[in-house]
Amino acid sequence: SYSVFTSTIRTMSSFAPHMSFIEAHKLQVGDKVDHRNTHGKFQSATIIHKSKSGMFKIHFDDHSTAKHDTECSYVNELHRFAVSGSISRRPAHRLKYIKTGSFVDVNIGQHPGWRKAEVVTVCPLSGQIQVQYLLDISQGITKPMKWITWVHLDNTLEVSRFGVHTYTKEINHVAISLETNRSYLNTPNEIKSLCAKESIDKIFGGMDNILTFLIQHGSPSQLQQIHNIIKEKTIEHLDTKTTPSSKQSPTAPSSSSISNNKSTQITSYNDENKTEYSLSDLSRDSIMHICGFLDRNDIKSFKLTSYRNGIACLNEMTKCNVGLSDVNELLGDTENKFVDELGMIIRKNYKYHRYSANMDYLSLRLEWKDKYNVPLDQQLLLSENQTACRFYDTIKNDKMADFKIRAIPTPKFLLFDKRNLIKFDEQTSKPKIMKNCNEKQQSICFIKFFDIYFQEIIPLHFIM
C-alpha cells in the first residue's frame with residue numbers, strides 16, 4: 001500500500017534530527033509529529049493547541065490521559081520536533097550491533113562534548129537507545145552524577161562508536177600510561193630529577209612555558225584565577241615602568257665610567273644567559289601555588305616528577321576550591337568595574353580560594369565575616385549549578401555548621417548581605433529590609449539604573 005511504501009522510503013532516507021523551521025511553522029491542530037520528551041526520547045504525538053507565538057500543546061499518543069501532555073515552542077526548541085514516524089519508528093541503519101551493556105560515545109546538546117556512555121535500554125520499535133553517562137558538575141570536588149537520556153543510533157551528531165571521539169587525542173593512552181609509570185617507578189631517584197628537568201624543557205618548553213601548560217589544562221575556575229593574576233601583574237608592571245626613577249645626576253658621565261658600565265652590563269647579561277632554571281629552584285610554597293591551578297588528574301601526574309613535589313602535591317590534593325562572589329562589592333562598585341555590564345553580572349565576579357577539605361562550614365563563614373564585614377546572622381548564601389540553586393539562610397546555615405566543605409554539593413556561593421536586600425512582604429506586598437528568606441519560593445530581581453546624563457547603566461539593588 002501507499003503508507004507502507006512511504007514508510008519504507010522514510011526509513012531508507014538520510015537521517016534528519018528534526019524538522020525544518022518552515023515545516024514546524026506549518027503544523028496545525030490535529031497534525032501528527034514525533035516529539036522529543038524531557039528524557040530525550042522521540043515519541044509519536046498530536047498537536048492539540050497552537051498559539052500565535054508558536055507555542056504548541058502536545059499530547060503523546062501512547063498515553064490515554066492528558067497527564068503527560070506538554071507545551072513546547074518550535075521557535076525556541078525546534079530540535080524537539082520531527083516528522084511523524086521519522087525517528088520514533090525508524091530502525092537503526094548503523095551501529096546495529098549495539099545492545100544493552102554496550103559502550104558508545106555520545107555528544108548531548110544539553111552537555112556539549114563527546115563522552116563515554118553505557119547503553120541502558122534498546123527501544124524495540126526504533127533505533128533509539130537509552131544511555132547513561134557521568135556528569136561532573138563540581139569539577140572533581142564531589143562524585144559525578146549519573147545522567148540518563150535517549151539518542152537515535154542514526155544521529156551521527158549525538159552518538160558514535162565507542163572510542164572514535166573520546167580516544168582521538170590519547171591513542172592507546174592506557175597502555176602507554178602503564179608502561180611509563182612502570183619505567184618511572186623502576187628508575188633511581190637521582191635519574192628521576194634529571195628526567196623531570198629534561199621533560200619540562202623538551203616537552204613543555206621549559207619553566208618559561210609552564211604557564212601555557214596550566215592554561216591549556218586548567219578548569220574554568222582556575223583559568224579565571226590565572227586571568228586575574230595576569231591582569232594584576234600587567235597593571236603592576238605598567239605602573240612600575242611609568243613611575244619616575246631616581247633623579248639622575250646632571251653631570252655627564254666620564255668615558256671610563258661608560259666603559260665600566262658597558263662591561264658590567266655585558267657581564268651581567270652573559271651571567272643571565274648562563275642561568276638555568278628547574279623545579280628544584282622553586283620553594284615548596286611556590287610548588288603548592290602552582291598545584292593550586294591544576295586539576296586533580298594533572299596534580300597526580302605532576303607529583304611523580306620528584307619526591308619533594310609529590311609531598312607538596314599530596315598536601316594540595318587534600319584541599320577544595322571554594323568560589324565566592326561578594327554582592328556588596330557589586331552594589332558599592334567604587335571602581336566602576338560593573339558599569340554598563342548586562343545580565344546577571346554577579347556570576348562574573350567569583351573569586352576562588354583553596355581551603356582544607358576538613359574545614360567546617362562555620363569556620364569558612366567566620367572567615368567571610370571578617371573579610372567582607374557581613375555578620376553571620378546577616379549572611380544569605382546562594383549556590384547554583386547547571387540544574388538547580390539553593391538558598392542558605394540563618395537556620396540552614398546553623399544546621400550545616402559542622403559540615404565539612406568537601407561534603408557541600410556545590411562549593412560556589414553568592415554572598416548577599418540581608419541588610420542590603422529588599423523583600424516584598426508575602427501578604428501586604430510592601431517592601432522591607434529582609435529578615436528571613438523563603439528558601440523554597442524565593443526569586444531574585446536585579447535592578448539597574450540608567451543614568452541619562454552620563455549614558456551609563458549602574459547596578460542599583462537586588463529585590464527578592
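This passage describes the nonpolar cores of the structure and two residues with unusual backbone angles. The model is predicted, with local features requiring pLDDT of at least 70 and side-chain atom pairs pLDDT 80 or more, while totals for chains, interfaces and linings use all residues. Residues are numbered from 1 along each chain as its sequence is written, and side-chain values use heavy atoms, leaving out hydrogens and water.

A good place to start is the largest nonpolar core, which has 18 residues. Such a core is a set of buried Ala, Val, Leu, Ile, Met, Phe, Trp, Tyr and Cys residues joined through side-chain atoms within 4.5 Å; buried means under 20% relative accessible area, exposed over 50%, and partly exposed in between (1.4 Å probe, protein chains only). Trp368, Leu381, Ile405 and Phe413 have the most contacts inside this core. Strand S11 (319-326), H12 and strand S15 (412-417) each give two or more residues, and H12 supplies the largest share, 4 residues. Helices (H or I, at least four residues) and strands (E, at least two) are DSSP runs, numbered from the N terminus. Apart from this core lies another, of 16 residues, including Trp147 and Val159.

Leu381 touches, among others, Trp368, Phe391 and Phe413 (contact means heavy atoms within 4.5 Å). Phe391, in strand S14 (residues 389-392), is buried at 5% relative accessibility. Its C-alpha lies 5.8 Å from that of Leu381, 10 residues away in sequence.

Most residues other than glycine have a negative phi. Leu95, however, has a phi near 55 degrees, and Asn373 one of about 60 degrees. Leu95 is buried, at 12%, whereas Asn373 is exposed, at 60%. Asn373 sits in the loop between helix H12 (361-372) and strand S13 (379-384).

Technical notes:
Lists of a residue's contacts leave out its neighbours within four places in sequence.
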